[in-house]
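Here is a short report on how the chains of this assembly meet. It covers salt bridges, interfaces and the relations between copies.

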There are 4 protein chains.
Amino acid sequence: MEQGMTQPAVRFRGRLKKRVHPVVVAHITQPYLAAGSKLAEYHYEVHDAHVLMLAERELLDKGSCATLLRGLARLRAGEPDGTPFDPETDLYMNMESRLIALVGDLGGMMHIGRSRNDLYATVTRMAVRAELLCVLEATLGLIGAALGAAAKQASTTMPGYTHWQHAQPVTVGHYLTGVSQSLLRDADRLRAAYIHTDECAMGAAALSGTSFAIDRQRVSALLGFGAVLENTYDAVAARDYLVEAGASLANLMVTLSRLCEDLTIWSTQEFGMIDIPEEFAITSSIMPQKKNPFVLEHVKGRAAQVIAAATAVPTVLKGTSFSHSREVGGESAAGIFGAFALTHGCLAMMAELLPALKFNTELMDRRAAESFCTVTDLVDLIVRRKRLPFRTAHHIVAELVNAVHEQSGTVKDITPTLIDRIARSVCGQELDLSPSDVRDALDPRRNVAAREIFGGPGPQALQAMISRQHSRRDEYQRWLASRRAALESARAERAAARDTLLAQS
Amino acid sequence: MEQGMTQPAVRFRGRLKKRVHPVVVAHITQPYLAAGSKLAEYHYEVHDAHVLMLAERELLDKGSCATLLRGLARLRAGEPDGTPFDPETDLYMNMESRLIALVGDLGGMMHIGRSRNDLYATVTRMAVRAELLCVLEATLGLIGAALGAAAKQASTTMPGYTHWQHAQPVTVGHYLTGVSQSLLRDADRLRAAYIHTDECAMGAAALSGTSFAIDRQRVSALLGFGAVLENTYDAVAARDYLVEAGASLANLMVTLSRLCEDLTIWSTQEFGMIDIPEEFAITSSIMPQKKNPFVLEHVKGRAAQVIAAATAVPTVLKGTSFSHSREVGGESAAGIFGAFALTHGCLAMMAELLPALKFNTELMDRRAAESFCTVTDLVDLIVRRKRLPFRTAHHIVAELVNAVHEQSGTVKDITPTLIDRIARSVCGQELDLSPSDVRDALDPRRNVAAREIFGGPGPQALQAMISRQHSRRDEYQRWLASRRAALESARAERAAARDTLLAQS
Amino acid sequence: MEQGMTQPAVRFRGRLKKRVHPVVVAHITQPYLAAGSKLAEYHYEVHDAHVLMLAERELLDKGSCATLLRGLARLRAGEPDGTPFDPETDLYMNMESRLIALVGDLGGMMHIGRSRNDLYATVTRMAVRAELLCVLEATLGLIGAALGAAAKQASTTMPGYTHWQHAQPVTVGHYLTGVSQSLLRDADRLRAAYIHTDECAMGAAALSGTSFAIDRQRVSALLGFGAVLENTYDAVAARDYLVEAGASLANLMVTLSRLCEDLTIWSTQEFGMIDIPEEFAITSSIMPQKKNPFVLEHVKGRAAQVIAAATAVPTVLKGTSFSHSREVGGESAAGIFGAFALTHGCLAMMAELLPALKFNTELMDRRAAESFCTVTDLVDLIVRRKRLPFRTAHHIVAELVNAVHEQSGTVKDITPTLIDRIARSVCGQELDLSPSDVRDALDPRRNVAAREIFGGPGPQALQAMISRQHSRRDEYQRWLASRRAALESARAERAAARDTLLAQS
Amino acid sequence: MEQGMTQPAVRFRGRLKKRVHPVVVAHITQPYLAAGSKLAEYHYEVHDAHVLMLAERELLDKGSCATLLRGLARLRAGEPDGTPFDPETDLYMNMESRLIALVGDLGGMMHIGRSRNDLYATVTRMAVRAELLCVLEATLGLIGAALGAAAKQASTTMPGYTHWQHAQPVTVGHYLTGVSQSLLRDADRLRAAYIHTDECAMGAAALSGTSFAIDRQRVSALLGFGAVLENTYDAVAARDYLVEAGASLANLMVTLSRLCEDLTIWSTQEFGMIDIPEEFAITSSIMPQKKNPFVLEHVKGRAAQVIAAATAVPTVLKGTSFSHSREVGGESAAGIFGAFALTHGCLAMMAELLPALKFNTELMDRRAAESFCTVTDLVDLIVRRKRLPFRTAHHIVAELVNAVHEQSGTVKDITPTLIDRIARSVCGQELDLSPSDVRDALDPRRNVAAREIFGGPGPQALQAMISRQHSRRDEYQRWLASRRAALESARAERAAARDTLLAQS
């Protein structure tokens, strides 16, 4: 074949005689090429796997395949030097043109039995799969940090809040294991998203497969996929895995934003419960006294960004043809890698921030003791000791709180005598509680200690919970390691197959 | 205890002396009561389970518990007659007030060891769990309908489209199994969402559990939950299951919207590939010729509604305290039941519509035969027969298509002679293909038949795929049945425990 | 004409011989009829206007038109009794069928020169226009409430917060006029949305107008529209006004959510700056001490609902044909009235809550005085008195704050002596500030008083601002009144034209 | 002052002694600095204006101000060479540090009477304002292109579609002026968004203004703002203009997406109504026959991206304190410039694509003539000629269409005889229409010609509409020019004031 033949491929336009309009180059092909180039490594992996399979299936002779693999290696190494990619076409056609430049028209053989549709579908899945593992790892990192902090603060009491009002005493450890329990479910969702991502589209070609006798399972295995995405129409059309991945990130970021809201308010001068470490704060350009917890704010704001990025995916896909198009194959993934990066960054920052937080334990203890957050246990005490209905006991204590409030008193002013006075007016009887019972009921530490209920803040319940969460975390850690091992083993298998082939020819 | 005591509970305001402001009644308490009342049945289930546990744990004597259960039964049956609920308070406080009216102040004992926080958290999970099973059932129904239609249209060829342009021949069956394969992943996500929903919050009380020695596992089991949601802070704070459920609905609806986009365009006069059954169409009030596929449009529009409803959940939760509040406990779920209803309705309509579609098979066959959608196989033929590089063969055929186009010809005008003329000009050689090879390559039915690749449209590949999908569908069907059985068995266990208790007292 | 003719119209299906499928009735036609019926009044207004125009243009004789108008009046009054609407068709076809039942086949004349496409497009605009005026009115109500509260709290100092950290002293009045200034922009956007809504689609018919010589301007005027929506294709296709209306609501609700976040935190025990009035709070079913600011939480959550509802509109429309369809004509508006209701309710509640808030002025003053929020003025003092560069002065004061912090001191411990010690170490010179200058700089009330800058918290600046905002509010108030007058005047014109016509025949 | 003093400013941390944590540098300060640097030019403009005002108000002596302005000019020119910005702090602090390095500690004087809060608030407004003008210009460009194409295709008839079914004949020009009418409303919204953006926050400082006697109006005027944003709390807190700008982009993109959906389907082989110019298409890597309209798909997908970016803004802001924070000042704008870029690109591409479209007028005419899209005029004819009620006439024609369909006929088969046969069966009477009346009614060109209704497709109505739209477009064009002139004039005023000052010192 004459040399001239490679010419059209240099700027692949097929039957189209006109070049891409410059305005389209500026707004579509060039930015896509730039973004796509970040995933070039995955393309090479697919090319290697595909060519190896072509050789094994004898769809192309071994010598040609060896030449292609050698050419691909040179391409990957940056050859030919100094030629910028052609911004008028996409990454794959640029790669193929260069391969043809390096190995001759044989380079045009690499595309047998496939199409860009299944190629890009597969490459995006490989990239998303890698991101999911990274985010899962960072999530497990943050869970570890939270459990570590929880263990340290297992006995620091604080007022638990509902509606941002003092509710009942808990411990910092109890709060943090609440957050980490939530994050463990996020880990679960990331794993599920991975499994739906980890299916190989190769061999679907444009949408209907190919009449070449390719081996889809082999290519899938060489790329470390968990399964072949069977129906070839679905293989090029489906992007539900992106919707799912995005939703799993949004869900996770929402939990982080809630944690950050709490830490922001806890670090106000008024709450004073925690000090944000200086490394995670900024000051003001004009107000010298300032220490602003800006990291927390960025995490909250980025939760919104990730929610929006996650919403973009189904919004792009809504109402498109169930097939391949640029909406499906291009735009649907446009924001997902940004969402991964934001999420990963937030997890990484929070995993450093949490262990560095200073808890003002003395103040928190005091506030728990001085607020009315213990009076529910007084209700319970009345129910237990006097067998009054819960609602009646609640009524007595509500009036009691009002009475103390009216005299600008604190919880310390609650005495058996006062209780009896209120009880008489409410239900016509005195309760005759012992001073020590009342004192114990209103002691936040005893309050917490009495909550050894499954999942409660009681010391043993908490330790058991921390230990169970560590076990679950370990389980995800193992699964993560097994996935990484599978990818590594596929890489090794490709290398071995490649070496064998090159040795033979 | 004197009668007067029940008074405060009638309109429960505890220590608050003023009534709820009328503007708040109009915009919050009244609409919430109305919406919440739809879930009253779940409240009764929780009350029964909780009271049974109180009896078993001897936190309340058996006689009192029996009285409570009898009172609850009367309440459920509509007693006391004719009293409307008080719109100034919530469903639970209304129930409790009525119970007190029926059984006396003992009614105030039911709330020992719990709070509205864990109660509503649990009730919402029960309601969502039921909805998830219904939507899963409807999804499996649509998958069944798609597989049935696919089997019938297994050999109806049509042009497969990418970018809404003719791509390569496929069959209707191949397309439909692509859609059903996608829906099977939706089934998987619904199942995962169920598992995260199916955790019991009871016993978390306000947020820190209780000092009463309640049995959280027992209540959970009596309500048929798969697990207890351990950390009690998380139990009242977490709504990630709603985010996940919403996202799974949005993902599913996107797939339906894409199917509907295809069917809408296929049913245009221009495509004419399908006839929408009259039962799923409307005419115009002024244009008598009209048959508008309005169901398809509603499904597409509702995909957008469900995306928005799904987005509302994380948007509500973003930046809230990780705890209980009305944002978390109330607003986060405000749109989710509407999203379930829309999704369920769309699945139900599509499951009826799909089997009723009329495919104009003759026209579709003809269009596949007359378009250029088969020429990729001509490229493959050239590669196979002449060992030309794929890219070169592609180049030849591209020029061939242009040549035919220029003479306003069709694919039928492609002959070995014409091929040779083009090949000569492109690469200086003739190809000498046999007329029968060319004819076969350009025959859409042979095109399809040659695609017996795994997941391809070839008849055997398709049959195997249909059969595998049926197996997967059966698996979800069995899981669904097992979940329903578990809920039924919990119901039976409650009934039995209740009968035993009532018999004893 | 014989009686039998009315039969087909009873259940209008035109050329379609089969009834609507029950599953479609359940999920589409029935719920649409129910929702649409709320807008019936607007339909009657359009019918009247259209028939009056037909008479004026002599497209139908006066007698017939009079009969139609009389029939419409009876319809509106509920005739014929007791027949429920047919759930298989839409509101208009139900109305027409009934009209035919009342006045005979002449009823079928009302639809000359129009279609349901322009009818529903117009009706929805009328409904949205009414909602926009209501929300504008409620917005102006809340602005009034905010300005009233601002005037009362014009001199209550408080620490202004940025990043939830003490920044600089402001007054409550300054904060509240910040919020009301923001709301005035919302009023502006509501007005702009109104103007784009207030265009009449009548006469567009299906999409191409009609060959009857109707008078679009006349119908538009009779319905009080500001303009005719000229291009008829656009008239049935456009729903950008819904996108805009939704966005204006979301924008407004975001401002409310931010106000509510502040009020929520200010009402914590720790901040203690405000007391939420009891009428806007709830207590807990188990924690008797609780007073939860639930209204604020619902407003915050509903901001998210309204954002989602606003997003639903463009999401529905995205990728639809630029024409009429059920996505465009039906689904796009499905959530908008809910968004209006939520927004209206939140505005109404906040307008009652704001004036009822109790500000703990003494505590706020004290906190402003005891925090470091005044030290920026110390920086400014140093710059002014000593001509030191701002950054240098900032540096000195930053070190000063640290020095006081280290000794657990407060702002009261800042003395000229201490300042000099720090200044020496920072820049090698003493500053020699007078004690009274330092005291004044650190006095929050003087801090505020010194900020008579345009838009600042200084007393005169604030009064001027309140007064300017009242003027702007009045302007919107007048515009609102003028719009209502225009609608009323159109109503009167319809009535007069109707009376004249009925009198003539 | 000694040299050492500049040291702390190099890495401005004020009272914070520890450096920013590396993980925070990686995920926050570094990326923000990179993104922020794109807006550096606006910072310089604000610095110049601020320093000029300081001189005019004699808050700083003229000589110092001149030195600052000279230093700023050197900074802007890239001095000091080769020092990269410090990634641990923000753009402003980097600028100030460099300025101090260039002009000495005097550089620390520039920040008198302001803060980063008002600075960044102002800079973002300047950037958004510039983007709004660009997008408005591009919108007007596309409107011009649409009107040009509409004029060319004013008399090309085509079937108008509703529900993607043939509705009634229109012209291409009518369709395109529908789209441009919609875009004119977008222009209006962009203008409104501009007005709300074009308010100057300078002088608000941190949130409470300053005690320096600065002149906010002067700075505002020197920066070409339309108004000062009065209340200083609002000035740093408000980002509603971003919500509005985002919503206006989303609204616009939705219209583009709808146009693109139509063009996509019209360019299918089946519709064949238009040819997408090759410069706007791509082919397939394996299917040589392909010409894929990929630009249209990207525009549709990007509409979804822009909807999501627009939603991100209120989602970020929801529930934040009404004040300054990093959520408000940083994250809220994170996606807006990307949305502008996408929108601008799509407008630019469509403005090139529209005039280059090839309309297959002959085929469109024929299809309009052969479909049943004209039969509504037959209904109208019957109503006009025979005074039958519209509904009855509709009924007759519906049956007529069915009758022709049953015999696989076309609209050409409709004759007076057939009409009479059907009319007899429907209403017992013959209609006796003249053959020429029937032929005219069914002629799409006459159909269109008869629609000279205001806004209709009739030739004169269309020409009038094109002309009115040109006038409105001119009006926006003039407004755009006036805004650009105002910005230019402010620039000139700054330059003149600067020259005067520099000349004086």
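## Salt bridges between chains

Glu230(A) and Arg468(B) form a salt bridge, with the closest N and O atoms 2.5 Å apart. The model is predicted, so that distance is a computed value. This pair crosses between chains. Glu230(A) sits in the loop between β4 (227–228) and α9 (232–237) of chain A. Arg468(B) lies in helix α20 (residues 459–504) of chain B. Glu230(A) counts as buried, at 10% relative accessibility. Arg468(B) is partly exposed, with a relative accessible area of 36%.

A bridge with these residue numbers joins chains C and D. The side chains of Arg468(D) and Glu230(C) meet in a salt bridge, 2.5 Å from N to O. Here too the pair crosses between chains. Arg468(D) belongs to helix α20 (residues 459–504) of chain D. Glu230(C) is in the loop between β4 (227–228) and α9 (232–237) of chain C. Arg468(D) counts as partly exposed at 36% relative accessibility. Glu230(C) counts as buried at 11%.

Chains A and B also share a network of salt bridges. It links Arg185(A), Asp186(A) and Arg189(A) with Asp234(B), Asp240(B) and Glu244(B).

Within chain A, the side chains of Glu79(A) and Arg74(A) meet in a salt bridge, 3.0 Å from N to O. Glu79(A) is partly exposed, with a relative accessible area of 28%. Arg74(A) is partly exposed as well, at 34%. Over all chains, a search of the whole structure finds 141 salt bridges.

The table lists salt bridges with their N to O distances.

| Residue 1 | Residue 2 | N to O distance |
|---|---|---|
| Glu230(A) | Arg468(B) | 2.5 Å |
| Arg468(D) | Glu230(C) | 2.5 Å |
| Arg185(C) | Asp234(D) | 2.8 Å |
| Glu79(A) | Arg74(A) | 3.0 Å |
| Arg367(C) | Glu270(A) | 3.8 Å |

## The interface of chains D and C

In this interface, 121 residues of chain D are in contact with 121 residues of chain C. The two chains bury about 9900 Å² between them. Carbon and sulfur atoms account for 57% of that area. Glu230(D), Arg258(D) and Arg391(D) supply 9% of the area that chain D buries against chain C, more than any other three residues.

The rule finds 14 salt bridges across this interface. One is between Arg185(C) and Asp234(D), with the closest N and O atoms 2.8 Å apart. There are also 65 residue pairs in polar contact, both residues being at pLDDT 80 or more. Helix α7 (residues 172–197) of chain D gives the most to the side that touches chain C, with 11 residues. By class, that side of chain D has 52 nonpolar, 40 polar and 29 charged residues.

How are the two copies related? A rotation of 180 degrees, with 0.0 Å of shift along its axis, superposes chain D on chain C at an RMSD of 0.0 Å. That is the relation of a two-fold axis. The same surface serves both copies, as 100% of the contact residues of chain D recur in chain C.

## The interface of chains A and C

Here 44 residues of chain A are in contact with 44 residues of chain C. The area buried between them is about 3700 Å². Carbon and sulfur atoms give 54% of it.

The rule finds two salt bridges across this interface. Arg367(C) forms a salt bridge with Glu270(A), the closest N and O atoms being 3.8 Å apart. Polar contacts link 29 residue pairs, both residues being at pLDDT 80 or more. Several elements of chain A each supply at least two residues of the side that touches chain C, among them β1 (157–162), β2 (165–171) and α10 (240–266). The largest share, six residues, comes from α16(A). By class, this side of chain A has 19 nonpolar, 16 polar and nine charged residues.

Chain A is superposed on chain C by a rotation of 180 degrees with 0.0 Å of shift along its axis, at an RMSD of 0.0 Å. In chain A, the C-alpha nearest the axis is that of Glu270(A), 2.7 Å from it. Glu270(A) is also the partner of Arg367(C) in a salt bridge. The copies meet through the same surface, because 100% of the interface residues of chain A are also interface residues in chain C.

## A buried aspartate in chain B

Asp48(B) is found in helix α3 (residues 40–56) of chain B. Is Asp48(B) buried or exposed? At 6% relative accessibility, Asp48(B) counts as buried. Not counting residues up to four places away in sequence, Asp48(B) touches Leu69(B), Leu72(B), Arg76(B), Arg494(B) and Arg498(B).

Key. Residues are numbered from 1 along each chain as its sequence is written. Chains are lettered from A and ligands numbered from 1 in the order in which they are written. This is a predicted model: local features need pLDDT of at least 70, side-chain atom pairs count only at pLDDT 80 or more; totals for chains, interfaces and linings use all residues. Side-chain values use heavy atoms; hydrogens and water are left out. Contact means heavy atoms within 4.5 Å. Buried area is the accessible area (1.4 Å probe) that two parts lose on being put together, summed over both. A salt bridge is a side-chain nitrogen of Lys or Arg within 4 Å of a carboxyl oxygen of Asp or Glu. A polar contact is a pair of N or O atoms within 3.5 Å; within protein, one must be able to donate a hydrogen and the other to accept it, and residues adjacent in sequence count only if both atoms are side-chain atoms. Helices (H or I, at least four residues) and strands (E, at least two) are DSSP runs, numbered from the N terminus. Ala, Val, Leu, Ile, Met, Phe, Trp, Tyr, Cys and Pro count as nonpolar, Asp, Glu, Lys and Arg as charged, and the others, Gly among them, as polar. Copies are superposed by least squares on the C-alpha atoms of residues with pLDDT of at least 70 in both. Buried means under 20% relative accessible area, exposed over 50%, partly exposed in between (1.4 Å probe, protein chains only).
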